[in-house]
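The following paragraphs guide the reader through a structure, moving from its charged pairs to its interior and its cysteines. Please keep the sequence and the model in view while reading.

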Amino acid sequence: MRIDIDLDKCCGAGQCVLAAPETFDQREEDGLVVLLDADPPAARAAGVREAAALCPALAIEVSE
């Protein structure tokens with residue numbers, strides 16, 4: 001699994017952090033997403049996919 005983030009699209013909603021806190025965080029200064037692990041283990045796949053689906057800005061792209 002590979003995760004790509006488009007920071008230009010990110011609106012700082014934080015849904016990704018709620019869905020997958022081991023993989024995503026937010027910058028304190030502006031709330032934009034911080035990718036903690038660009039290649040997470042398979043055990044985190046469901047949370048990562050949920051985070052991408054919940055992102056209102058569609059800023060998270062997940063590929064296999």
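**Charged pairs, a cavity and cysteines**

Aspartate 4 is partly exposed, with a relative accessible area of 31%. The model in which this residue is seen is a predicted one. Aspartate 4 takes part in a salt bridge with arginine 2, and the closest N and O atoms of the pair lie 3.5 Å apart. Arginine 2 is likewise partly exposed, at a relative accessible area of 45%.

Side chains of opposite charge can pair when their charged atoms come close. How many salt bridges does a search of the whole structure find? The search yields five. One of them joins aspartate 30 to arginine 27, with 2.5 Å between the closest N and O atoms. Aspartate 30 has a relative accessible area of 37% and is partly exposed; arginine 27, with 29%, is also partly exposed.

Another salt bridge links aspartate 37 and arginine 44, whose closest N and O atoms are 3.3 Å apart. Both partners are partly exposed: the relative accessible area is 23% for aspartate 37 and 27% for arginine 44. Elsewhere, Arg27, Glu29 and Asp30 are joined into one network by salt bridges that share partners.

The account now turns to enclosed space. The structure contains one cavity of 30 Å³ or more, and the volume of the largest cavity is about 90 Å³. Which residues lie nearest the centre of the largest cavity? They are Cys10, Ala13, Gly14, Cys16 and Cys55, which belong to a lining of 14 residues. Sorted by class, this lining comprises nine nonpolar and five polar residues, and no charged ones.

Two of the cysteines named in that lining, Cys10 and Cys16, deserve a further look. A disulfide is a covalent bond between the sulfur atoms of two cysteines. The count of disulfides in this model is zero. Cysteine 10 is in no disulfide, and the nearest cysteine sulfur, which belongs to cysteine 11, is 6.0 Å away. A disulfide requires the two sulfur atoms to be within 2.5 Å, so this pair does not qualify. For cysteine 16, the closest cysteine sulfur is that of cysteine 10, at 6.4 Å, which is too far for a bond.

Are these two cysteines buried or exposed? Cysteine 10 is buried, with a relative accessible area of 16%, and cysteine 16 also counts as buried, at 9% relative accessibility.

Technical notes
Residues are numbered from 1 along each chain as its sequence is written. This is a predicted model: local features need pLDDT of at least 70, side-chain atom pairs count only at pLDDT 80 or more; totals for chains, interfaces and linings use all residues. Side-chain values use heavy atoms; hydrogens and water are left out. A salt bridge is a side-chain nitrogen of Lys or Arg within 4 Å of a carboxyl oxygen of Asp or Glu. Buried means under 20% relative accessible area, exposed over 50%, partly exposed in between (1.4 Å probe, protein chains only). On a 1 Å grid over the protein atoms alone, a cavity is a set of points where a 1.4 Å probe fits but cannot get out, and a pocket is an open set with protein on both sides within 12 Å along at least five of seven lines; lining residues have an atom within 4 Å of a point. Grid points are joined across faces, edges and corners, and a volume is the space filled by probe spheres set on the points. Ala, Val, Leu, Ile, Met, Phe, Trp, Tyr, Cys and Pro count as nonpolar, Asp, Glu, Lys and Arg as charged, and the others, Gly among them, as polar.
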